[in-house]
Amino acid sequence: MPRKLNRILVVDGSEVARTIITRIFNEEMPDTKITTCGTVQEACAWLERSHFDLITTALMLPDKDGIELCRYVRASKFHHYTPTIVVSGDADTRLLREGFAAGVTDYFDKSLGYHAFASFIMEFTLRHSGLVGRILYVEDSQLTATVMLSLMERHGLQVTHTTHAEEAIQLLRDTSPGGVREDEYFDIVITDFYLQGRLTGGDLLHAIRTRFHYSQQEMPVLVLTGSESGEKQVEVFHAGANDFVSKPIVEEVLLARIRSLLTIRQQFAALKRQTDEMHKLAITDSLTRVYNRRYLLDHGEHFVTNRHNHPVAAVLLDIDHFKKINDKFGHITGDRVLEALGKLLLDLLPDNALPVRFGGEEFALLVPRCAARDAHTCAEQLRISIEALRPANVPITVSIGLDTNQANPGMTLTQLIGNADRALYAAKAQGRNQVCA
Ligand SMILES: Nc1nc2c(ncn2[C@@H]2O[C@H](COP(=O)(O)OP(=O)(O)OP(=O)(O)O)[C@@H](O)[C@H]2O)c(=O)[nH]1
């Protein structure tokens, strides 16, 4: 969520430029109040009497230059941290180096056109705000905690405060994947390094990195230290912190650090989502949404031999006369039939079962903890449900062959599937639309 810019000061010697910039801002950011002036002197007068969230300035101004204005801003008590952007078509490297040393926050090349300027400002504000995240904050000093909580909450952060590392560890346990409150996960941890109680901030860090196995990207940790000493800082990093802030806390420094850690965490989460999505695509049949044959070959053997799954039933299910369905209703309708059958299997089978598209119109199902008698009953129920399905308004039946490793727990996947395939062949031979074991 971009930070709302309430007031922008636009400093430019050209009245035409001021008019264009104002018009663009009014169109793109109608809630923002724009104040314009043409000289550094006027700008300083404005900064004395009003608060601005952002300043843009041309480089060359009639009285002094934009870099001078920037020096003034950085020296001012009220605008010390206000972002200042130079807008110029002719800033060379030397000028820019000097500008950044003077505190220029960013630079927009005017030759890109004023329309690009509005999107530049939007992106800029997004980069400089976006404080959206859940923080676990561990601090035993009530005074510091009160100040910090109000500061972080004012910037939109959701903060859970605890005074002890032990309590923080419990919260992390509850909110970690598989925990009782896993949906309430934290994006980053901010902790005082020295905490009263049995465990210190260092112990908390140690637990985060070694007990929860959170990497620095997965759970960034910002440490608050009372010390500026290099040794202490090294100690903090060795303990697994991503960054530190020394007390007394400077609001803008703290926010910049939090912002950068939230970015790390959010980029990690986005990457993980993408990786999970790609993994899912790689193991799933795109038409039927069940697992693909490759997944069965890679994981089926372990599934069958995993002693916690015993006994396992292997079921092969084949649509009867599917070629005729394709011939009569068309290939697209045939696809819809396969799609609906995949959905039905996902709906009806238990979550721990493994439904696989084995071939064109053939499915393999591995069902854990399924004794021979139960397997036959389940397969028969499945057959009846499929007969009643009428996907895409097409009546279909299936033949099913199955086997279990109940009598012989040492059976391999290949043997189980081989037996189920022979049973399927028998079901087809005996007239289809039936289950054979
Ligand atoms: N629409 C569609 N058809 C497919 C797909 N994959 C395979 N098929 C068709 O499935 C049909 C399978 O035909 P057969 O192996 O002769 O089996 P059948 O017609 O079902 O006959 P039985 O199994 O003996 O009952 C073929 O016509 C394939 O073209 C697919 O993804 N979509």
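## Exercises on a predicted model

Asp192 lies in strand E8, residues 188-192 (strands, E, of at least two residues and helices, H or I, of at least four are DSSP runs numbered from the N terminus). The model is predicted: local features need pLDDT of at least 70, side-chain atom pairs count only at pLDDT 80 or more, and totals for chains, interfaces and linings use all residues. Residues are numbered from 1 along each chain as its sequence is written.

**Exercise 1.** Decide whether Asp192 is buried or exposed, and list its contacts.

*Solution.*
Step 1. A residue is buried if 20 or more other C-beta atoms, placed from the backbone, lie within 10 Å of its own, exposed if 12 or fewer, and partly exposed in between.
Step 2. Asp192 has 24 C-beta neighbours inside 10 Å, so Asp192 counts as buried.
Step 3. Contact means C-beta atoms, placed from the backbone, within 7 Å. Leaving out residues up to four places away in sequence, Asp192 touches Val138, Glu139, Asp140, Gly201 and Leu224.

**Exercise 2.** Identify the largest nonpolar core and the helix that gives the most to this core.

*Solution.*
Step 1. A nonpolar core is a set of buried Ala, Val, Leu, Ile, Met, Phe, Trp, Tyr and Cys residues joined through C-beta atoms within 7 Å.
Step 2. The largest has 45 residues; among those with the most contacts inside it are Ala314, Val315 and Leu402.
Step 3. Helix H15, residues 413-429, gives the most to this core, with 7 residues.
Step 4. A second, separate core of 30 residues includes Ala168, Phe193, Val236 and Leu261.

Definitions and conventions:
Contact = placed C-beta atoms within 7 Å.
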